[in-house]
Amino acid sequence: MNALNPSAAPVWPAWPDYALIADLLPSLRDFAHAGRVALATLVSTDGPSPRPLYSEMLIAADGRVAGYVSGGCVEAAVASEAAMVLADGRPRLLDYGVGSPVLDIQLTCGGRIGIFVRELREPSAYANTLGIARRERRTVTVLTDRDSGAWNIVEGHVAPDDHHYACVHMPPLRLVAVGGDPVTLAVAQLAPTMGVEVVLLRPHGPAEPPPGIALTGYDSRSLAVSLGELALDERTAVYSLSHDAEIDHAVATHALRSPAFAVGILGSRNKIGTRVERLKDDGVDDDDLTRLHLPAGLPIGAQTPHGIALSILAQVCQRDRARAS
């Protein structure tokens, strides 16, 4: 069913490319510009679930979809229900899995999930509010009325209650990469595909950033100037990939004195002791050193730029998940 033409059968994609869209904001702006939008949110899980609670899926009035709420078992059905939501204006709480009355759709994981689907009122205002919070790197919570689907965005991390679902939106993970070698380029290329923003520092480097790479920021000024103006928070990791001992030391010292949750230096294992002792001599204490990774990246035996970049990004994601558990 298509909200623009209720008699039309849905044309569901042969491949789930919609599920590879991790950042829903650009799609939301696009869908909102074209017309009405429904939002489906995973609001309950019982047993195993391939997606975390509050995963979301957008459905445009013309049938386009972005994001996903299960492992592919229910998305077509959710999109069909969303079209009906857009047609009649009534929110729905969908129930799938073991014990659900919906017998023709089962979850291979053996769990049970609840998905709340509603028309997203004022979608452009919703997207703009979330976009501003993201740009300012503020955590906000979307409170959604369980009956009407009306939304309200409030500051900080707010828990759900009997009347509202609460979807917390934190700033995206950010990786500050320092360097200009092939590994740096590979990190900058791969990171956005994993939902990680990249700020690239290349002291005294080219005036223009590398072409074809979506960077959040690029700074080619001197390292002292760049670091002095660099805003680091608890959602930011800093990796020095410069192959220059002085730059690596300056970057690590600066980052370990900040709230950055992970710090890494690319280089030989033979230099670990020397690097750590120098950091201690400069006042970095043992607690701060627990955030330091020498050498940078998980030990997966990578030898190519993209392989090493993958090991670094896996380490960043691992560290982020470890502190959340």
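**Close-up views of one chain**

Asp219 is buried, at 13% relative accessible area (buried means under 20%, exposed over 50% and partly exposed in between, using a 1.4 Å probe and protein chains only). The model is predicted, so local features need pLDDT of at least 70 and side-chain atom pairs count only at pLDDT 80 or more, while totals for chains, interfaces and linings use all residues. Residues are numbered from 1 along each chain as its sequence is written, and side-chain values use heavy atoms, with hydrogens and water left out.

**View A. Asp219 pairs with Arg221 in a salt bridge.** Here the closest N and O atoms sit 2.9 Å apart (a salt bridge is a side-chain nitrogen of Lys or Arg within 4 Å of a carboxyl oxygen of Asp or Glu). Asp219 is the buried partner, as above, whereas Arg221 counts as partly exposed at 36% relative accessibility. The whole structure holds 22 salt bridges.

**View B. Glu81, Asp88, Arg90 and Arg92 link up in a salt-bridge network.** Zoom in on Asp88 and Arg92: their side chains meet at 2.6 Å, N to O. Arg92 counts as buried at 14% relative accessibility, while Asp88, at 36%, is partly exposed.

**View C. Glu197 forms a salt bridge with Arg174.** The closest N and O atoms of Glu197 and Arg174 are 3.0 Å apart. Glu197 belongs to strand E10 (residues 197-201) and Arg174 to strand E9 (residues 174-178), so the pair ties together parts that are 23 residues apart in sequence (helices, H or I with at least four residues, and strands, E with at least two, are DSSP runs numbered from the N terminus). Both ends are tucked away: Glu197 counts as buried at 17% relative accessibility, and Arg174 does too at 15%.

**View D. Val178 is a buried residue of strand E9.** Its relative accessibility is just 1%. Setting aside neighbours within four places in sequence, Val178 is in contact with Leu201, Pro203, Leu223, Tyr239, Ser240, Leu241, Ser242, Ile247 and Val251 (contact means heavy atoms within 4.5 Å). Tyr218 lies 40 residues from Val178 in sequence, yet 10 Å from it in space, C-alpha to C-alpha.

**View E. Strands E9 and E10 and helix H9 (305-324) help cover helix H4.** Look along H4 (residues 182-190) and you'll find the buried residues Val183, Thr184, Ala186, Val187 and Ala188.

**View F. Helices H1 (residues 25-34) and H3 (residues 123-135) pack together.** Their angle is about 155°, and their axes are 9 Å apart (axes are lines fitted to C-alpha atoms, for helices over the stretch in contact, with angles from 0 to 180 degrees between N-to-C directions). That makes H1 and H3 roughly antiparallel, the term for angles over 145 degrees. H1 brings Leu25, Leu28, Arg29 and Ala32 to the contact, and H3 brings Pro123, Ser124, Tyr126, Ala127, Asn128, Leu130, Gly131 and Arg134.

**View G. Stepping back, the chain holds nine helices and 14 strands.** Its C-alpha trace spans about 70 × 40 × 40 Å along the principal axes. Of the 325 residues, 45% are buried. Among contacts with a separation of 6 or more, 58% come from residues 24 or more positions apart.

Definitions and conventions
Parallel < 35°, antiparallel > 145°, perpendicular 65-115°, else oblique.
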